[in-house]
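Here is a short set of exercises to work through with the model open beside you. Try each task before you read its solution.

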Amino acid sequence: MTSASDLRSGKTHRDENFPVASWIIHPRHRALILSFYNFVRTADDIADHATLGADEKLRYLDLLEAELLGNGDTQPEAVSLRRAFAERSMAPRHALDVLVAFRMDVTKLRYENWDDVIHYCRYSAMPVGRFMLDVHGESTSTWAASDALCAGLQINNHLQDCAKDYKNLNRVYLPRDALAATGATVEMLGGAKSQPVLLQCLQALAVRTETLLNESRSLSAEVKDFRLGLEVAVIQAFADKIVGMLKVRDPLSERVHLSKPELLVQSIGGIASEMIRRASGRRPQTKPAAGA
């Protein structure tokens, strides 16, 4: 069997919409975080592979899980993460949770409602934030705000890539009931530009995601690690900027990803605001709900 490494897309941590093991994070944590990222990226690329059949994808995902748990040494990303966890005496629970989501990607192409999407985020995104918090020794009391931020990032990504996911993988994360509420159909995602009813649906989902991101705004203050607090503030700034674009733009025909200059501006702004907030002891400011 070909190694899962050979099936990677070529995407690295530098290509993500959010910082991964950036210079903000203390160097002692970066090797473990990158091992986790490479394991997750490999599994993600398997689930999204253009030519692998469903059974073969599931076989690779099962192999990655088995070797993460110590049964074999043929998959470098699994072996590397297993050893990194052992060095820190950490359990692999969050990596195992993410594999649940990638199996869902192989077997589940449609989502019925918002709760169905959040259930997917429980395995695709929330474990990543929980892993980062565990790496830094943070309390599980931070998980609720982290879960909201990670789910918001994930749904932002679903909205950004809704046309690509449909065209390339026949995978649609937009809830069926949200599409039906505006009279939109899945097939509209194949167009070069959103029809008005589809755009209405997409922008309504962006507003709902903004509410979710508002629930995560306390996270930077909840974490004790100073560097992690700065990283969280930057990620929150990215998510807020992206959801703002999604509220007013058409992801089928307009740019809804941050450019490098925009990433830099948001990073500087996020770091500066969090440093000022920590110095003053203020709590993060919650944005008014949409329409308030």
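**Exercise 1: A loop residue**

Ser89 sits in the loop that runs between α3 (76-88) and α4 (93-107). Keep in mind that this is a predicted model.

Task: find the sign of phi at Ser89, and decide whether Ser89 is buried or exposed.

Solution. Start with the backbone: phi of Ser89 is positive, about 55°, although Ser89 is not a glycine. For background, most residues other than glycine have a negative phi. Next, look at the cover. The cut-off for exposed is over 50% relative accessible area. Ser89 has 71%, so Ser89 is exposed.

**Exercise 2: A second positive phi**

Task: say which loop holds Asn170, and whether Asn170 is buried, partly exposed or exposed.

Solution. First, place the residue: Asn170 is in the loop between α8 (162-169) and α9 (176-182). Then check the backbone, where phi of Asn170 is near 55°, a positive value in a residue other than glycine. Last comes the surface. Buried means under 20% and exposed over 50%, with partly exposed in between. Asn170 has a relative accessible area of 35%, so Asn170 is partly exposed.

**Exercise 3: The helix after the first loop**

Task: work out how many residues of α4 are buried and which helices they pack against.

Solution. Begin with the length. α4 has 15 residues and reaches 22 Å from its first C-alpha to its last, close to the 21 Å expected at 1.5 Å a residue. Now turn to burial: eleven of the 15 residues are buried, and α4 is mostly covered. The buried set includes His94, Asp97, Arg103 and Asp105, along with Leu99, Phe102 and Met104. Finally, follow their packing: the partners of these buried residues are α1 (27-47), α2 (54-68), α3, α5 (114-124), α6 (126-135) and α7.

**Exercise 4: Two buried side chains**

Task: for Leu81 and then His158, give the helix and the contacts beyond four places in sequence.

Solution. Take Leu81, a residue of helix α3. Its relative accessible area is 0%, so Leu81 is buried. Leaving out residues up to four places away, Leu81 touches Leu32, Ser35, Phe36, Phe39, Leu68 and Ala95. Ala95 is also one of the buried residues of α4. As a check on distance, Leu81 and Ala192 are 111 residues apart in sequence and 41 Å apart in space, C-alpha to C-alpha.

Now take His158, which belongs to helix α7 (residues 143-160). With a relative accessible area of 4%, His158 is buried. Not counting neighbours within four places, His158 contacts Val117, Tyr120 and Tyr173.

**Exercise 5: The whole chain**

Task: count the helices and strands, then ask how the radius of gyration of the chain relates to the globule rule.

Solution. The chain has 13 helices and zero strands. Its radius of gyration is 19 Å, close to the 19 Å that the globule rule gives for 292 residues, so the chain is as compact as a globular protein of that length. The C-alpha trace spans about 55 × 50 × 30 Å along its principal axes. Of the 292 residues, 52% are buried. Among contacts with a separation of 6 or more, 71% join residues 24 or more positions apart.

Finish with the surface and the charges. The accessible surface comes to about 13,400 Å², and carbon and sulfur atoms own 53% of it. There are 36 positive and 36 negative side chains, and the centres of the two sets are 5 Å apart.

Key: Residues are numbered from 1 along each chain as its sequence is written. This is a predicted model: local features need pLDDT of at least 70, side-chain atom pairs count only at pLDDT 80 or more; totals for chains, interfaces and linings use all residues. Side-chain values use heavy atoms; hydrogens and water are left out. Helices (H or I, at least four residues) and strands (E, at least two) are DSSP runs, numbered from the N terminus. The radius of gyration is taken over C-alpha atoms; the globule rule is 2.2 Å times the number of residues to the power 0.38. Buried means under 20% relative accessible area, exposed over 50%, partly exposed in between (1.4 Å probe, protein chains only). Contact means heavy atoms within 4.5 Å. Accessible areas come from the Shrake-Rupley method with a 1.4 Å probe; for residues, only the protein chains shown count as cover. Lys and Arg count as positive and Asp and Glu as negative; His and the chain ends are not counted. The place of a charge is taken as NZ of Lys, CZ of Arg, CG of Asp or CD of Glu. The expected span of a helix is 1.5 Å times one less than its number of residues.
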